[in-house]
Amino acid sequence: MQLDLDLAGRTVLVVGGAASARLAVARFVQAGAAVSITATDAGCRSVERPKHLAGWRDVVDGMDLVVLVDADAEEERMIRAVAGRRTWILSEAPASAEPIGTVTLIGGGPGDDGLLTLAARDALARADIIYVDRLAPQQRLREFAPGAEIVDVGKTPGHHAIPQHEIERRMVASALEGRTVARLKGGDPYVFGRGGEEVAACRAAGVPVTVIPGVTSAIAVPAAAGIPVTYREVSRMFTVVSGHAPLDDAQLAHLAGLGGTIVVLMGVSNLPHLTAGLARFGMPADMPLAIIERGTQLSQRTTVTTVSDATEVSTRLRVSSPAVIVVGEVVRLMHHGEEADRISRDVIALAGE
Ligand code: SAH
């Protein structure tokens, strides 16, 4: 029987142990219900499992739904005896007792393995299987995770990325087989990384999931090019924008009016639309704009231009993704520090300077 009920805000009591009831708990939490369980460490409110009728009366009172996962006959009798007419009761088979694996989403930083965190290294070392994104650091992965199976989901033999839902399906399937799954992502998992969707997929399947934050390219790539995203009296804010889809007029107008640094990810193909839009809403034509390609990699290249020249310059220089675009006065502060020697960077300076 398939019953579609709106459970948002409803009170649900799950009678079962944390392991056997994990799928039920995950499903009701996902549906927005206020879930209590007769167990501890199940990721929701826990209540004592009563032994007597009076105790059951207290915990069942006020519940919209009681889900019996591993209640014995005597417990079920007491629950039915105390449940009022407004309380629904249903039974659900316990989840299999097989050990369940875990998923760890790891923010891998912008590509240089020196920017992996200690927590990321630890999680990689523990993993049985690692699903790796295209922009995640890969050079020393074997060394960091000697025993793990490494699956590159950034591209397939035909060089097409695996669809997001398929990545989620595989991750969850590996965890349900009991494996310790690591998902190594570029930058920070929650910055345009679809990390939120991957966490939701795990939770919906009852798979324990944790997230290790990463160094985001939005800040680290400008830094690798010597550009501070904020600077006292120059810019006291930075806005990180996805350029994947063109911004609408209201968004362009707000951005142009903010007066702070604008950092654009996935913005190469829509750069003409972005700069024309910013100019239309009052951004000065000579506002500096930097494009940093392949930040922190040996082939890192920084192109410095202006809002009005960016389209022509980027076409001429065949600027390509992945790149971070920085618009704002902070670009003038770009410094070529000693770390410039570490990366053979190629800086193309502002035309005319
Ligand atoms: N979660 C990632 C961003 C994913 S979106 C993060 O926090 O960094 C992918 C975009 O990130 C790319 O299109 C590009 O704009 C940017 N990016 C990631 N790594 C980069 C790198 N090494 N150099 C330049 N841009 C990079």
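Where does the ligand sit? In this predicted model, look to the largest pocket, since that is where the ligand is found.

Let's start with what surrounds it. The shell around the ligand counts 18 residues, and those that come nearest are Pro110, Val191, Thr216, Ser217 and Ala323. Sorted by class, the shell has 11 nonpolar residues, five polar ones and two charged ones. Two domains chip in here: domain 2 (102-215) and domain 3 (218-350) each give the shell at least three residues. If you prefer to think in secondary structure, go to helix H8 (217-224) and strand S15 (323-327), each of which supplies at least two residues of the shell.

Now zoom in on the polar contacts. Proline 110 uses its backbone: a polar atom there is 2.7 Å from a nitrogen atom of the ligand. Serine 217 works through its side chain instead, with a polar atom 2.6 Å from an oxygen atom of the ligand. Methionine 266 brings a backbone N or O atom to 2.8 Å from a ligand oxygen atom. As for cover, the ligand taken alone would expose 540 Å², and the protein buries 93% of that.

While you're in the neighbourhood of these elements, a couple of backbone details deserve a look. Most peptide bonds are trans, and most residues other than glycine have a negative phi. Serine 321 and proline 322, however, are joined by a cis peptide bond, with omega at about 0°. Proline 322 belongs to the loop between helix H11 (310-316) and S15, and S15 is one of the elements that supply the ligand's shell.

The other detail is phenylalanine 192, which has a positive phi of about 45° although it is not a glycine. To find phenylalanine 192, follow the loop between strand S9 (180-185) and helix H7 (195-204).

Terms used. Residues numbered from 1 in each chain as written. Predicted model: local features only at pLDDT ≥ 70, side-chain atom pairs only at ≥ 80, totals over all residues. Heavy atoms only, no water. Near = heavy atom within 4 Å. Polar contact = N/O pair within 3.5 Å; in protein donor to acceptor, adjacent residues only side chain to side chain. Areas by Shrake-Rupley, 256 points an atom, 1.4 Å probe, with all protein chains shown as cover. 1 Å grid on protein atoms, 1.4 Å probe; cavity = no way out; pocket = protein on both sides within 12 Å on 5 of 7 lines; lining within 4 Å. Sits in = over half its atoms within 2 Å of the grid points. Helix = DSSP H or I, 4+ residues; strand = E, 2+ residues; numbered from the N terminus. Nonpolar A, V, L, I, M, F, W, Y, C, P; charged D, E, K, R; others polar. Domains from an automatic or database assignment.
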